[in-house]
Amino acid sequence: MLIFITRRLGLMALTMITVSVLVFLLMEISPGTVAQKVLGPYTNDEQRQLWLEQNGYFRPFYVRYLSWLGHFMTGDFGPSIRFKVPVAEVLWPRLANTGILAGSVLAVMVPLSLSLGVLAGMREGSKLDRSITVAGVVTTSVPEFASAVFLTATFVFWLGWLPGTSTMSEGWRLNQMVLPVAALVLYDFGYVARMTRASMAEVMTTPYIRTAILKGLPYWRVILRHALRNALIAPFTVIMLQINWLLSGVIVVEFFFAYKGFGATLLEASLNQDIYLIEACAMVSVFVAVTTQTIADVGYTFLNPRIRFQ
Amino acid sequence: MSKSDREKQHPYIPELAEQLRKQQIDRREFLRTATLLGVSAPAAYAMAGKIMGQSIVPEARAQTATPKKGGNLRCSMRCQEMTDPAKFDWTEKSNVARGMLEYMAITGSDNITRPFLAERWEASTDLKTWTFKLRQGVKWSNGDEFNADDVVHNFTRWLDPKVGSSNLGLFDSMVTATDTGKLDAKGAKMISKSMTPGAIEKVDAHTVKLHLNRAELAVPENLYNYPTAIVHRKFDEMGANLSKNPIGTGPFSLKEYTVGQKIVLARRQGYWGDEPLLDSITYVDHGDDPAAGLSALASGQVDMVHETFVEQLDVVKKIPNVVLHEAITAQTAVARMQVDKKPFTDKRVRQALLACLDHPKLLEVAYRGRGALAEDHHVAPIHPEYFKLPVVKQDYALAKKLLADAGYANGIDVKIDLKREPPWELAACQAIAEICKPAGIRIQLNVLPSTQYWEIWDKTDFGFTGWTHRPLGVMVLNLAYRSGVPWNETHYDNPAFNKALDAAGSTLDANERRKLMEGLEKTLQNDAIIAQPLWRSIFSSTHERVKDYKLHPTNYHQMNKVWLA
């Protein structure tokens, strides 16, 4: 097991180093463009040459890469061009904001989609099942950028119930969370609910449930004690996958509601060629993806007795 | 005007007054030129009033109520970094800094430039020597007195290539180019441009003199460009970072500052001028999505949206209690062709493209008709020296003939680079592409994100570049069409044009200058280096509780008189 974990960690490090080389190559291969991005379009060649000289861009490529990597490992991501502060000052608070948004979405979406999925799956083909299925399919097929516009048109412009943006500029406000969370939940809950429903419906047809019902156990007890446990394995995996999706899938919603999160920052950095910030965002995304995958792999071997290592 | 003022006045003033009397120039042009030549704004208004027999009171703002002090104005605008004002490349940065820092001159929303930190100025008759008398009694927020050292320091750093300021191009008449003896990567000679020794002279503690290489008319206008805010003489010693060391002469101080999120300016004690009415201004960053600002305005999260795009006018009209502001400007974008890149080396190809244009249609399609018709020479009807040329009609037959003469009888395929924002630019390019099709000019659009476009804007052979408003027509021509200047994106190189431009730039008489502009405008039109679809209006929206706010043609925030009902 220890060897397995070490191997996974080694693989993780190797992946990250490979990605870092690629990121660095893509972003910094041509010093001229770096200077132009940093100094802006209205500078002349002489001004750019002076900047390159001051910032060591005339050193060999591998020296620049190693120095960059060294700084990166110690948490020094360089200065953001757009924000003119160290990248870390922008990155961490925004990552935390996305964490809050993603956490809120999960907190609403998981209980909602699980209970609706279970309700639908209990009696396949019932009126309740049909309604939940149709509602789930409809909301899932509307992308976030459309539902965000629809929600805003209804609750901000027409009814005037909710604030139109979620900048939290006067401190954290619950009412500013409602629309972004709603847009994401609307998009996502149908998918998880459908998964749960399918899994539940399948379990409900198994012989042991039939036996439990036939031996006279109360219906709610059959559901809670016998069906639910097995039915929830598949949705659980799906929900785990949603965590990765939430990190990137929030871009549209964050941008639309001006929520200051990781997704919007990544978009802004890319649109504005803020190279050091793009590099940091890319590495953070890779780190999160690789880490969750490693944890999932390791965790799965603990949880599932059918998987064992020599 | 006092006797001493009259003695110091520029020798051209009496003639100017005479022209106003004979109605050869209008009141607006008189005010503009008089203030430009160092007459204070009230004195100029008084002179105009005397000559024209009108009240000497300056035009009053339409007031519905007595201004009220207090309140926090919340404005949706990008909150960008604000390190070095000399390096600003966005109006938004300067709008925040404008609360704290001030300029030597100020251009009002009426497009007239007046003295500000400089109390008055005098130009020599050849317009090569400018003397600035600085206002006395102006204090920096750290208690220091504002003086000539501050001004000298600012000019020195603007014109130092190591600082990286675009002012180096703006004050080209104070700059000398020297050969560094080095070659760049492409093997071309590296030319270093820096301030001509002695170009700025400190006469006494409150007087500075500029000695220019050539006549320059627009010095005061240039001093109210967004990167020419005056910083403290110890700005560089204190770390050259305005957001960390916000010392200024302006009425507001920096209270809160988080880049990309929120900036709060608060009224400060001890301001030298009239205190502003607002207690504070809060700028809230809503990202790059223009719809977010309107959502915030509609739900009462902000009182004002910095910029409203023409595509949003219908939405704005539907929001209750919101006022739409419009300013007619000299802002535009031009489909410019590089004259040294094929196929645009052939003038007939460029002329063929221009012959296809139907300007009224372009204005209607690309900008809902809100703006003014352009004539492909980059001088706007609101520029004082604008000369009206005969309307150019769409002529497909001519376009086809020109193309055939140039060897493209079967038509021609070209690709234009353009940026995604603002959206009207895409609409304009689509309209140009459609309008050119019947003549056999097939234009393919290559839409880029703004920042990517700004990397190639001066390099691409065919591109659509946005140009901001400038108060004078000669300013734009100097920046963009003079041979060898950094922003000459068309690579246009016409010695006769340069010479004529020199002449126009040193002609004070607006009527005379207008005559010279006729030639310049015609030359540009005939050489067909730019296809200019329109002059656009700009818009912003406020809640109706925001009073006495006037949209500036360059969207500069001047908040000293704004108040909240």
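Rings of Phe, Tyr and Trp (for Trp, its six-membered ring) are taken as a pair if their centres lie within 6.5 Å; planes under 30 degrees apart count as stacked, over 60 as edge-to-face and the rest as tilted. By this rule, 29 aromatic pairs are found over all chains.

Before I continue, a word on the source. This is a predicted model, in which local features need pLDDT of at least 70 and side-chain atom pairs count only at pLDDT 80 or more, while totals for chains, interfaces and linings use all residues. Residues are numbered from 1 along each chain as its sequence is written, chains are lettered from A and ligands numbered from 1 in the order in which they are written, and side-chain values use heavy atoms, with hydrogens and water left out.

Let me return to the aromatic pairs. In the pair of B:Phe344 and B:Phe462, the ring centres are 4.9 Å apart and the planes stand at 50°, so this pair is tilted. B:Phe344 sits in the loop between β14 (322-337) and α11 (347-356) of chain B, and B:Phe462 in strand β18 (residues 462-467), 118 residues apart. Helices (H or I, at least four residues) and strands (E, at least two) are DSSP runs, numbered from the N terminus. Both B:Phe344 and B:Phe462 are buried, where buried means under 20% relative accessible area, exposed over 50%, and partly exposed in between, with a 1.4 Å probe and protein chains only.

B:Trp424 and B:Phe464 have ring centres 6.2 Å apart and planes at 70°, so the pair is edge-to-face. Because B:Trp424 lies in helix α14 (residues 423-436) of chain B and B:Phe464 in strand β18, the pair ties together parts 40 residues apart in sequence. These two residues, B:Trp424 and B:Phe464, are buried.

In chain A, one aromatic cluster is formed by A:Phe24, A:Phe61, A:Tyr65, A:Trp68, A:Phe72, A:Phe77 and A:Trp92.

I turn now to charge. A salt bridge is a side-chain nitrogen of Lys or Arg within 4 Å of a carboxyl oxygen of Asp or Glu. How many salt bridges does a search of the whole structure find? The search finds 36 over all chains.

One of them joins B:Lys202 and B:Asp149, at 3.0 Å from N to O. B:Lys202 is in strand β8 (residues 200-204) of chain B and B:Asp149 in helix α6 (residues 148-158), 53 residues apart. B:Lys202 is partly exposed at 42% relative accessibility, and B:Asp149 is partly exposed at 31%.

Helix α6 of chain B also holds B:Asp150, whose partner B:Arg233 lies 83 residues away in the loop between α8 (219-222) and β10 (252-258). The closest N and O atoms of this salt bridge are 2.8 Å apart. Is B:Asp150 buried or exposed? At 0% relative accessibility, B:Asp150 counts as buried, whereas B:Arg233, at 21%, counts as partly exposed.

A third example is the salt bridge of B:Arg267 and B:Asp279, with 2.8 Å between N and O. B:Arg267 belongs to strand β11 (residues 262-267) of chain B and B:Asp279 to the loop between β11 and β12 (280-284), so the pair ties together parts twelve residues apart in sequence. Salt bridges that share partners also join A:Lys260, A:Glu268, B:Arg78, B:Asp285 and B:Asp288 into one network.

I close with A:Gly56, in the loop between α3 (45-54) and α4 (61-73) of chain A. A:Gly56 is buried, at 18% relative accessibility.
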